[in-house]
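Visitor: Hi, could you walk me through this one?
Guide: Sure, take a look and ask away.

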Amino acid sequence: MLLILGYAIPGYTQHNVAISGVYPWKEPGQTESPVLLAGKSASLDFLEVSAVILTDAPREEDHAFEELVIVKEGNLKVTVNEEEKTLGPGSVALFVPGETHRLESAGKGPVTYYVLKFTSRVGPNAVRGKDAGGSFTVDRNTVPFKPHGKGGVRQFIERPTTMFERLEMHVTTLNAGLKSHDPHTHRAAEIVLMIHGDARMQIGDKLYSAGPGAVIFLDSDVLHAIENTGDTPCEYFAFQWQ
């Protein structure tokens, strides 16, 4: 089995199709971020994963796609539906189409975060998104850690959204030298986002290294497995959608 250091595919798209692979973290600029991954998939008409550094100027947006924000470093002040919350590292916010939201640094320094933008191939369902509660935030500090034999898990999200019948998102802690599971496939596409530590990701018949900050995209029915290759526990977000 071939081990590839770094990422799986040169560039991040092939004919506007998101390719299953490992995409390493790139430090964003002061105002605009590099795109880590972009393209269509079996279930998404549009997918883009970027890294942003937000300094003094707030960002106020309202768009037709769904947006998921994951705080990497610093504290992010989020205002949506006239409610204001401050989110620290590892916290998330989801914004449904048509709801204006405001993002700004909550501290003296900048805040770094991931932005995932997506639209479903079957199109938005505004009623479903509204009935599920619309836009929301999840503070990492409020999510309980549930230990198990290989490490533990924090269950962040499992609910419908405007774009998906079901969005499931959790954070896994995987102990040193262990595999999370045997190689397997599933119908739902998946994104894995490395928070801490080093891992080796099997995708098909190849192995790829994945360090802190890396984004891993796994399209529908792609064989995959992840293993902690470090001396300490690693931690990563994993989310699937239907």
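**Strands and pockets**

Guide: Let's start with one pair: G152 has T173 in β17 as its bridge partner. This is a predicted model, where local features need pLDDT of at least 70, side-chain atom pairs count only at pLDDT 80 or more, and totals for chains, interfaces and linings use all residues. Residues are numbered from 1 along each chain as its sequence is written, and side-chain values use heavy atoms, with hydrogens and water left out.

Visitor: How many bridges join β16 and β17?
Guide: Eight, in the antiparallel sense, between β16 (residues 151–159) and β17 (residues 167–174). Strands are DSSP runs (E, at least two residues), numbered from the N terminus, and two of them pair if DSSP finds at least two bridges between them.

Visitor: OK, and what's the strand order in the open sheet of seven?
Guide: The order is β4-β21-β18-β23-β17-β16-β15, with antiparallel pairing. β4 (21–23) and β15 (146–148) are the edge strands, each pairing on one side only.

Visitor: New topic: which residues lie nearest the centre of the largest pocket?
Guide: S43, S120, F164, W241 and Q242, out of 16 lining residues. On a 1 Å grid over the protein atoms alone, a pocket is an open set of points where a 1.4 Å probe fits, with protein on both sides within 12 Å along at least five of seven lines; lining residues have an atom within 4 Å of a point.

Visitor: And the second largest pocket, which strand gives the most to its lining?
Guide: β18, with four residues. That pocket has 13 lining residues, and V71, K72, G90, I195 and H196 lie nearest its centre.
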